[in-house]
Amino acid sequence: MNSATHDLSRFAINQITTPMWSLPQAIEGYARHGVHGIAVWRNFLDEYGVTAAARHLRQANMWVASLCTSVWLNERDPWAFREAVDANRRVLDAAAAINSPCLVMVVGGLPAGDKDIHGQRTRVRDALFELAPHAAATGVKLGLEPLHPMYAGDRSVLNLMSGAIDLCDELGDISGLVVDVYHCWWDPAFASGLRRAGRERIITFHYCDWLVPTRNLRDRGMVGDGVVDISRIRRWLDEIGYRGPFELEIFSELDWWMRDPDETVRIGIERCAPYIGPLRAAHT
Ligand code: ZN
């Protein structure tokens, strides 16, 4: 089979899956394989320039699933914290310029030298409330992505789906969830969390796999190579009527990042194909 035989209308590739490619290369590369959805990373966007990127995305008929990621908010110093919040306002502007429906909020771990994870979670909540009016003005949602607890120290203190939904409850419609099988597959409350979130609040959904053994913190697997029951998870999404995008997002220092990106994209499409099609009738 090739990509022409699959319905790729809901499928996007997250740019971190092919870090050898610049943004223009990724746009052309994904389109070459019939994929017109892309999740853009901020470092690649900065390198290309927002105006050039917006034009190229339009010309290549690409839709943007998300912009990754926010500037970290792990600052104890009030002045530095304010700078981080302001920087995120500018990232929201960039997200709007490329028609991204959301900015993926990866909020940072603990501030240097700090052990107060509760305090940092409060700081993150404050920042989200400060950003909400600007998000509303730009029309870009704050996409809360809970990260696996192993990242709590250095990448994000937002770790549980239930906590992310609690924040969405408080923030209202300008927020939503970015859900990743890698971060949530182990959670006994994953299915109930999806039901509680509801289809409207899930902005985009990330696919990859959990490898056994996992060799380091950037050792995510290709769909099908690990222990995540993606078929069952897709069924849960169908049961709540989720109609949003599915992104392939693989951090893989030791394997997929080393391969020819064309190969990664080709295999990624084949592996994801059973799980990215249109909404199916709920199973009984
Ligand atoms: Zn993700």
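Reader: Let me start with a single pairing: which residue in β3 is the bridge partner of W41?

Author: Happy to begin there. Strands of a sheet pair through backbone hydrogen bonds, in either a parallel or an antiparallel sense. Here, in what is a predicted model, W41 has C68 of β3 as its bridge partner. Zooming out, strand β2 (residues 37–41) and strand β3 (residues 63–68) run parallel and are joined by five bridges.

Reader: And on the β1 side, how many bridges pair strand β1 with β2?

Author: Three bridges, with strand β1 (residues 11–14) and β2 again pairing in the parallel sense. One pair to look up is A12 with its bridge partner G37 in β2.

Reader: Which strands make up the closed barrel, and in what order do they run?

Author: Eight strands form it, in the order β1-β2-β3-β4-β5-β6-β7-β8, with parallel pairing. On average, neighbouring strands of this sheet are turned by 30 degrees against each other, direction ignored.

Reader: How should I read the two sides of a strand such as β2? Which residues point one way and which the other?

Author: The general idea is that side chains in a regular strand alternate between the two faces of the sheet. In β2, I38 and V40 point one way, while G37, A39 and W41 point the other way, and all are buried. With five of its five residues buried, β2 is therefore largely enclosed by the rest of the structure.

Reader: Let's move to the helices. Which strands does helix α4 lie across?

Author: Helix α4 (residues 78–97) lies across β3, β4 (102–105) and β5 (141–144), and runs at about 140 degrees to β4. Helix α5 (residues 117–138) also packs on the sheet, where it touches β4 and β5 and its direction makes about 140 degrees with that of β5.

Reader: What about a helix meeting another helix: at what angle do the axes of α8 and α9 cross?

Author: Helix α8 (residues 190–197) and helix α9 (residues 230–240) cross at roughly 25 degrees, their axes coming within 9 Å. Angles under 35 degrees count as roughly parallel, so α8 and α9 are roughly parallel to each other. Their crossing is right-handed. F190, A191, L194 and R195 in α8 meet I233, W236, L237 and I240 in α9. By type, the residues of this contact are seven nonpolar, one charged and no polar.

Reader: One last residue: is A31 buried or partly exposed?

Author: A31 counts as partly exposed because its relative accessibility is 23%. A31 lies in helix α1 (residues 23–32). Beyond its neighbours within four places in sequence, A31 is in contact with H36 and M62.

Definitions and conventions. Residues numbered from 1 in each chain as written. Predicted model: local features only at pLDDT ≥ 70, side-chain atom pairs only at ≥ 80, totals over all residues. Heavy atoms only, no water. Axes fitted to C-alpha atoms, helices over the stretch in contact; angles between N-to-C directions. Helix = DSSP H or I, 4+ residues; strand = E, 2+ residues; numbered from the N terminus. Parallel < 35°, antiparallel > 145°, perpendicular 65-115°, else oblique. Left-handed = near helix turned anticlockwise from the far one by under 90°. Contact = heavy atoms within 4.5 Å. Nonpolar A, V, L, I, M, F, W, Y, C, P; charged D, E, K, R; others polar. Pairing = 2+ DSSP bridges. Buried < 20%, exposed > 50% of the residue type's maximum accessible area, 1.4 Å probe, protein only.
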